[in-house]
Amino acid sequence: LWEKYGVGEADDKESFQKSFIRHVTTTLARSVYNIDNFSAYQATAHTVRDRLIKRWNDTQQAHTEVDPKRVYYLSLEFLLGRSLDNALLNLGLKENYGEGVKELGFRMEDILDEEVDAALGNGGLGRLAACYMDSLATLDYPAWGYGLRYTYGIFQQRLKDGFQVELPDYWLNFDNPWELPRLDVTIDVKFCGTVNRYTDETGKVRHVWVNEDKDTVQAVAYDVPIPGYGTKNCINIRLWSSKPKRKFNLKRFNEGQYEQAVQEQMEAENITAVLYPNDNHMVGKELRLKQQYFWVSASLSDIVRRFKKSSKPWDEFSYQVAIQLNDTHPTLAIVELQRILVDLEGIDWDEAWKIVTNTFAFTNHTILPEAMERWPVPMVQYLLPRHMQIIFDINLFFLQAVERAYPDDRELLAKLSIIEESTPQFVRMAHLAIVGSHRVNGVAALHSELLKKTIFKDFVRYYGDEKFDNKTNGITPRRWLHQANPKLSELITEALGSKNWLKNLELLKGLKSHVDKVDFRKRWVTAKHSNKVRLAEYIKKSTGIIVNPNALFDVQVKRIHEYKRQFMNILGVIHRYNALKKLTSQERADIVPRVVIFGGKAAPGYYIAKLVIKLINSVADVINNDNSIEDTLKVVFIPDYNVSVAEIIIPASDISQHISTAGTEASGTSNMKFVLNGGLILGTVDGANIEIHEEIGDDNIFMFGNLADQVDDLRHAHRYRNIPIDPSLQAVINDIESGHFGDSRIFAPLINTITHGKDYYLISDDFQSYLDAQKLVDEAYKDKEEWTKKSILCSANMGKFSSDRAIQEYAEQIWNIDPVPAKRS
Ligand code: 26V
């Protein structure tokens with residue numbers, strides 16, 4: 001039928017134009033004589049959407065025919081960014097469609113720029129999920145993502161007087177061509193109520209969970225197609241949106257109880273209204289727990305329904321279904337599956353538990369104690385009474401098994417328990433996730449080692465270390481090099497003789513043989529320079545600040561957090577500024593000019609992080625307006641850092657900073673993006689920096705600072721002994737306190753984290769080696785030819801960090817799934 005009617009197939013220019021015009025006149029109901037860039041974007045997007053839907057259908061059909069084992073990636077965040085350019089490139093439509101819009105009087109860049117980001121995530125964890133979906137599609141794996149369709153994504157950041165101001169991100173204001181509403185796929189999700197015990201006809205004790213209609217919410221599915229690169233395969237992310245089950249309560253309304261009538265409606269819709277804007281920090285809000293269960297319940301019921309269609313026996317469930325938990329946020333899925341199997345399907349507890357543990361695997365993304373999810377038992381009991389019982393039972397059987405293995409070790413039981421015995425009690429979600437999964441992984445080598453040595457140590461003792469392993473993160477080279485850096489991508493393709501590197505990133509090694517060619521290096525620099533010009537234009541547009549593209553671009557863009565130490569960076573900038581001021585004009589002529597670029601959002605309630613933003617802007621104000629240093633230093637804070645802005649910033653960096661206190665950044669993924677784009681990095685011995693160092697070699701990276709295994713002792717020393725502050729750091733602090741950067745009283749709480757606090761993130765301990773490393777950067781940049789060689793070798797050695805490699809490891813070592821290529825039709 002597709003062929004007969006030619007729906008959504010043809011990829012040539014004329015077919016595109018025909019479809020474009022059709023969408024303008026019908027979908028948008030506009031006149032072809034009156035199309036602005038936004039309408040042109042919509043028409044182009046709808047044309048691409050038609051093609052996506054076709055591939056999406058073919059893929060689902062192939063999956064239905066083969067009925068392979070599928071993997072379900074459960075993530076509360078999918079930070080997808082824009083879709084149009086990505087879809088054009090992955091589907092191979094970019095050239096023809098570019099020509100097509102040009103003939104109609106548009107520029108593709110302008111059209112692409114009309115799209116708003118899908119920003120359903122905070123940072124690394126959400127963007128990782130998006131990269132993984134890209135790789136799953138590209139490698140033809142039968143995979144589904146499950147998440148929430150938030151009405152409001154991560155807030156938009158504005159600056160007012162140098163302070164962060166948050167605005168709501170109402171991204172669905174206009175229609176969203178990248179989702180397929182499935183208004184027919186709805187699932188009832190229950191909350192509250194009570195549990196009744198009864199004995200069934202066979203004499204078995206059973207439980208049934210009953211609740212009132214007003215406490216049931218409906219989940220509606222919205223499907224987001226994810227096309228693979230160079231394949232017909234197109235997978236699906238299913239996002240749930242909440243709506244009330246009960247119709248608007250007219251009786252109440254007529255009785256004059258207007259507010260109550262509306263309230264039920266609103267409470268249901270509230271569940272998926274907003275993405276929680278915290279990153280690496282747990283807040284125990286009831287609504288957040290409701291989000292988690294709403295999502296988990298709808299997703300599992302969908303997964304179980306799909307399994308049941310194949311009429312296979314339950315003991316084959318874990319041979320058909322793998323579920324990956326992206327952090328502890330979906331951990332209730334473990335309990336929900338056990339409930340479905342035991343309460344609804346009548347399977348014996350032990351047999352059910354075997355199925356459950358063989359199905360789930362859990363990825364941990366942080367060891368920061370404040371990020372560990374714990375929910376008060378009374379809250380879980382109230383919202384999910386049956387689940388709380390099941391959690392207690394899981395814990396009981398688990399602890400009994402531990403006791404058999406380690407009799408008389410009460411302390412071990414307390415340490416391993418899923419329940420924290422405080423008042424009130426808490427459910428420790430990480431413990432539940434470990435006990436309910438067959439595999440637990442960290443996201444970089446160091447992080448996975450630290451998990452085993454610190455927070456999960458006792459679990460390793462009990463389970464042995466085979467249950468715990470490492471899956472170093474990766475990034476998709478399609479978006480993060482090919483799409484974000486088209487000039488460099490083209491040069492690479494030409495040098496390597498094909499585009500195969502986009503599917504096999506190890507092929508970048510072939511660039512090494514070009515390092516010594518002057519002409520190749522020249523073209524490399526030209527590409528990098530044009531990216532810097534593009535960024536300089538963006539900086540001018542977004543901040544009004546003019547920067548010189550010939551300066552060294554030094555970038556730190558990521559969520560603002562004390563452990564990431566943007567504070568140390570800006571303190572280093574002040575140190576540099578003071579040194580520059582002392583130079584004579586002649587001496588300054590020898591200095592490599594620098595542009596220090598910051599970007600990132602602070603959680604709205606994170607006071608100290610917000611002060612860091614203010615300090616950066618105050619310092620920028622003084623430095624950027626000081627003519628005496630003759631443009632040798634500029635400081636820029638780019639507002640509203642997001643995926644699209646990252647695509648402009650990352651290809652333009654000469655050096656980027658990944659300077660977390662050793663042992664705190666689980667992996668980092670932007671570090672990989674920068675190096676892949678030929679940017680050098682200045683980093684601590686932390687997260688994936690370590691593995692990047694191993695791949696690219698000593699000569700192409702600047703590493704500094706104390707090591708993870710020194711951190712405990714240093715913290716101890718700060719706490720119990722009087723450690724003098726590093727003198728260079730003290731000088732900088734004095735400078736701030738003198739009022740040089742505005743009223744210093746504002747910054748007192750921030751400075752106190754070093755002087756009166758315990759310098760928990762060890763800025764003082766690392767400051768001198770940070771400054772030394774910065775000096776090495778300045779020196780190295782003076783030799784442009786050598787720097788360019790380093791830049792090329794950086795890209796050339798980044799093969800390991802493709803998300804394709806990461807996904808292949810997950811697929812083979814954890815999920816046990818095989819590719820199912822969609823048939824061409
Ligand atoms: C997220 C959230 C979301 C809002 C509510 C409270 C809450 C609490 C904890 C978390 C966990 C965030 C963990 C996280 O984002 N980790 C980052 O994961 C990246 C991908 O693996 C990794 O590259 C980063 O180093 C790590 O910080």
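A residue counts as buried if 20 or more other C-beta atoms, placed from the backbone, lie within 10 Å of its own, as exposed if 12 or fewer do, and as partly exposed in between. By this rule, 48% of the 825 residues of the protein are buried.

The model is predicted: local features need pLDDT of at least 70, side-chain atom pairs count only at pLDDT 80 or more, and totals for chains, interfaces and linings use all residues. Residues are numbered from 1 along each chain as its sequence is written.

The protein has 34 helices and 24 strands, where helices (H or I, at least four residues) and strands (E, at least two) are DSSP runs, numbered from the N terminus.

The UniProt record (an unreviewed entry) lists K673 for "modified residue: N6-(pyridoxal phosphate)lysine"; such annotations may be inferred rather than shown by experiment. K673 is found in helix α27, residues 670-676. Because K673 has 29 C-beta neighbours inside 10 Å, K673 counts as buried.

A ligand is surrounded by 23 residues, each with its C-beta atom, placed from the backbone, within 6 Å of the ligand. The closest are G124, L125, H365, A666 and S667. The table sorts this shell by class.

| Class | Residues in the shell |
|---|---|
| Nonpolar (Ala, Val, Leu, Ile, Met, Phe, Trp, Tyr, Cys, Pro) | seven residues |
| Polar (the others, Gly among them) | 13 residues |
| Charged (Asp, Glu, Lys, Arg) | three residues |

The ligand lies between domain 2 (67-81 + 120-472 + 811-815) and domain 3 (547-801), because both give residues to the shell around the ligand. These domain bounds come from an automatic or database domain assignment.
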